[in-house]
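Me: I'm new to this, so please take a close look at one part for me. By class, what residues does the lining of the largest pocket have?

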Amino acid sequence: MIKLYIKYESSFIKDFKTESDSITIGRKSDNTIVLDNPTVSGHHCKIYKVGDSYFIEDLNSTNGTFLNSKRIIKSSIKDKDIITIVKYSLIFSDKEEQKEPKEPTKNIEEIIAKTQDKYISAQNLKAIIEIIENPVNEILEYELKNTTTYIGKQGRANIGAKASNIFSSIPELAAAIVFRNDGYYLNPLREDTVKHNGEKINDKVLLKNEDIIEVGITKFKFILKKS
């Protein structure tokens with residue numbers, strides 16, 4: 001049996017249990033558990049049983065799947081382990097007699113808080129883009145003061161980036177960082193021109209503190225500070 005105690009931030013949402021040996025979790029309606037939030041991938045992760053053991057596997061999600069505050073691709077999972085998907089926390093159990101934890105233990109609360117700090121709300125925070133490799137000029141730090149900030153060709157975009165060599169060029173507007181109520185999003189504006197934490201992206205990504213952005217050969221770090 002798979003049982004999950006599901007929370008959104010600090011609020012309990014529901015209990016889930018099934019006799020099935022496999023479930024999927026994600027934003028789309030065909031998942032076993034639907035988390036209707038734009039920061040959750042369509043098919044985010046799955047939990048399944050092999051022999052007498054259970055496993056959790058990330059399904060190439062945009063914002064990642066965390067187990068006990070560590071990002072995982074695939075891992076075994078045991079009773080009272082904490083799965084974190086952006087602002088959602090799912091406490092796992094395979095015990096038939098397990099009751100809903102009315103007051104989660106301090107350890108569980110610490111794991112939830114530690115992981116969700118990676119997705120801290122952008123409200124009342126100052127967002128900084130720090131250039132850590134191959135700057136185009138002497139300015140190495142930009143505060144994101146506008147709703148939309150563009151990265152691209154120097155002189156055209158708010159933040160400039162360098163091409164890899166003299167035979168290549170940077171798009172005038174390669175990427176946009178857009179502020180919304182739930183955080184800052186990195187939006188690639190040209191295919192195959194932007195990397196997020198080392199991976200090429202062609203769709204928007206919710207930025208976390210200390211994420212790395214690459215445009216051309218210029219590398220940036222996204223930083224959130226208390227204002």
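Reply: The lining of the largest pocket has eight polar residues, six charged ones and four nonpolar ones. Here Asp, Glu, Lys and Arg are the charged class, Ala, Val, Leu, Ile, Met, Phe, Trp, Tyr, Cys and Pro the nonpolar class, and the others, Gly among them, are polar. Bear in mind that this is a predicted model: local features need pLDDT of at least 70 and side-chain atom pairs pLDDT 80 or more, while totals for chains, interfaces and linings use all residues. Residues are numbered from 1 along each chain as its sequence is written, and side-chain values use heavy atoms, leaving out hydrogens and water.

In total, 18 residues line this pocket, and nearest its centre are Asn60, Ser61, Thr62, Arg71 and Glu199. (A pocket is an open set of points on a 1 Å grid over the protein atoms alone where a 1.4 Å probe fits, with protein on both sides within 12 Å along at least five of seven lines; a lining residue has an atom within 4 Å of a point.) The space inside comes to about 420 Å³, counted as what is filled by probe spheres set on the points, which are joined across faces, edges and corners. Two strands, β8 (70-72) and β19 (199-200), each give the lining at least two residues. Strands are DSSP runs of E with at least two residues, helices are runs of H or I with at least four, and both are numbered from the N terminus.

Let's follow one of those central residues, Arg71, which sits in strand β8. Arg71 counts as partly exposed because its relative accessibility is 43%; that label covers values between buried (under 20%) and exposed (over 50%), using a 1.4 Å probe and protein chains only. Setting aside neighbours within four places in sequence, Arg71 is in contact (heavy atoms within 4.5 Å) with Ser61, Thr62, Asn63, Gly64, Thr65, Phe66 and Lys208. Two of these, Ser61 and Thr62, are also among the residues nearest the pocket's centre. Thr84 is 13 residues from Arg71 along the chain, and their C-alpha atoms are 9.0 Å apart.

Ser61 leads us on to His44, as the side chains of these two residues make a polar contact of 3.3 Å. (That means a pair of N or O atoms within 3.5 Å, one able to donate a hydrogen and the other to accept it; residues adjacent in sequence count only if both atoms are side-chain atoms.) You will find His44 in the loop between β4 (33-34) and β5 (45-50). His44 is classed as buried because its relative accessible area is 0%. Beyond four places in sequence, His44 is in contact with Ile25, Gly26, Asp58, Leu59, Ser61, Gly64, Thr65 and Ile85. Gly64 and Thr65 may look familiar: Arg71 is in contact with them too.

Now for the whole chain. It has 22 strands and one helix. Of its 227 residues, 44% count as buried. Among contacts between residues at least 6 apart in sequence, 40% join residues at least 24 apart.

For one more strand residue, try Glu141 in β13 (residues 141-143). Glu141 is called partly exposed because its relative accessibility is 45%. Its C-alpha atom is 5.7 Å from that of Ile129, twelve residues away along the chain. Outside the four places on either side in sequence, Glu141 is in contact with Ile128, Ile129, Glu130 and Ile131.
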